[in-house]
Amino acid sequence: MRSMLIFLWMVAIFIFTCTASFHELMFYGVVSFQWDGHPSFTEFLLPYNLSESLLLQKFGHIVVFQFLTLLLLMKFKAKFVALIISASFATLTEILQLYFTRGGRIFDIGFDLIGVFIALSIVSLFRPDQSEPINLKK
């Protein structure tokens with residue numbers, strides 16, 4: 001069941017990040033994809049002009065990847081596994097956005113990772129390491 005929930009959440013992230021128009025998806029429920037076989041990878045390195053609506057969107061990146069990381073931690077228990085899968089998926093979705101005529105940016109991977117690290121930190125606070133030290137003197 002956890003695997004299915006993780007899969008569905010990843011599909012939702014993919015749809016939100018790769019649909020042709022995030023605005024049309026949010027306001028009209030329109031999901032459409034446009035493929036660009038030759039994207040401009042220089043766009044990947046460009047920064048954004050920050051605005052209030054853009055900051056709200058970046059907050060969404062943080063929350064979405066926090067939730068993904070928490071789901072992965074429920075499934076795998078290992079923080080390193082959750083970190084690797086979340087970070088890899090964040091990178092993949094940003095690169096895929098370039099192929100789906102959206103503005104994938106390395107900058108967004110940073111916001112995704114903020115969400116991942118917040119989730120890992122929260123879990124570390126409430127679930128300290130369960131392993132006990134090895135006593136070699138027994």
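**View 1. Lys58 and Asp108 join their side chains in a salt bridge.** The N-to-O distance here is 2.8 Å. Keep in mind that this is a predicted model. How many salt bridges does the structure hold? Just one, so enjoy this close-up!

**View 2. The salt bridge pair links distant parts of the chain.** Lys58 belongs to helix 3, while Asp108 belongs to helix 5. Count along the chain and you'll find the two residues 50 apart.

**View 3. Here we check on each partner: is Lys58 buried or exposed?** Lys58 has a relative accessibility of 2%, so it counts as buried, given that the cut-off for buried is under 20%. What about Asp108, buried or exposed? Asp108 also comes out at 2% relative accessibility, and therefore counts as buried.

**View 4. Now for the largest pocket, with a volume of about 600 Å³.** A set of 26 residues lines this pocket. Which of them lie nearest its centre? Look for Phe16, Phe22, Gln57, Gly60 and His61.

**View 5. Helices 1, 2, 3 and 5 each give two or more residues to the lining of the largest pocket.** In residue numbers, helix 1 covers 2–18, helix 2 covers 22–28, helix 3 covers 52–76 and helix 5 covers 106–126. Which helix gives the largest share? That's helix 3, with nine lining residues.

**View 6. The lining of the largest pocket is a mix of nonpolar, polar and charged residues.** Sort the lining by type and you get twelve nonpolar residues, eight polar ones and six charged ones.

Note on methods:
Residues are numbered from 1 along each chain as its sequence is written. This is a predicted model: local features need pLDDT of at least 70, side-chain atom pairs count only at pLDDT 80 or more; totals for chains, interfaces and linings use all residues. Side-chain values use heavy atoms; hydrogens and water are left out. On a 1 Å grid over the protein atoms alone, a cavity is a set of points where a 1.4 Å probe fits but cannot get out, and a pocket is an open set with protein on both sides within 12 Å along at least five of seven lines; lining residues have an atom within 4 Å of a point. Grid points are joined across faces, edges and corners, and a volume is the space filled by probe spheres set on the points. Helices (H or I, at least four residues) and strands (E, at least two) are DSSP runs, numbered from the N terminus. Ala, Val, Leu, Ile, Met, Phe, Trp, Tyr, Cys and Pro count as nonpolar, Asp, Glu, Lys and Arg as charged, and the others, Gly among them, as polar. A salt bridge is a side-chain nitrogen of Lys or Arg within 4 Å of a carboxyl oxygen of Asp or Glu. Buried means under 20% relative accessible area, exposed over 50%, partly exposed in between (1.4 Å probe, protein chains only).
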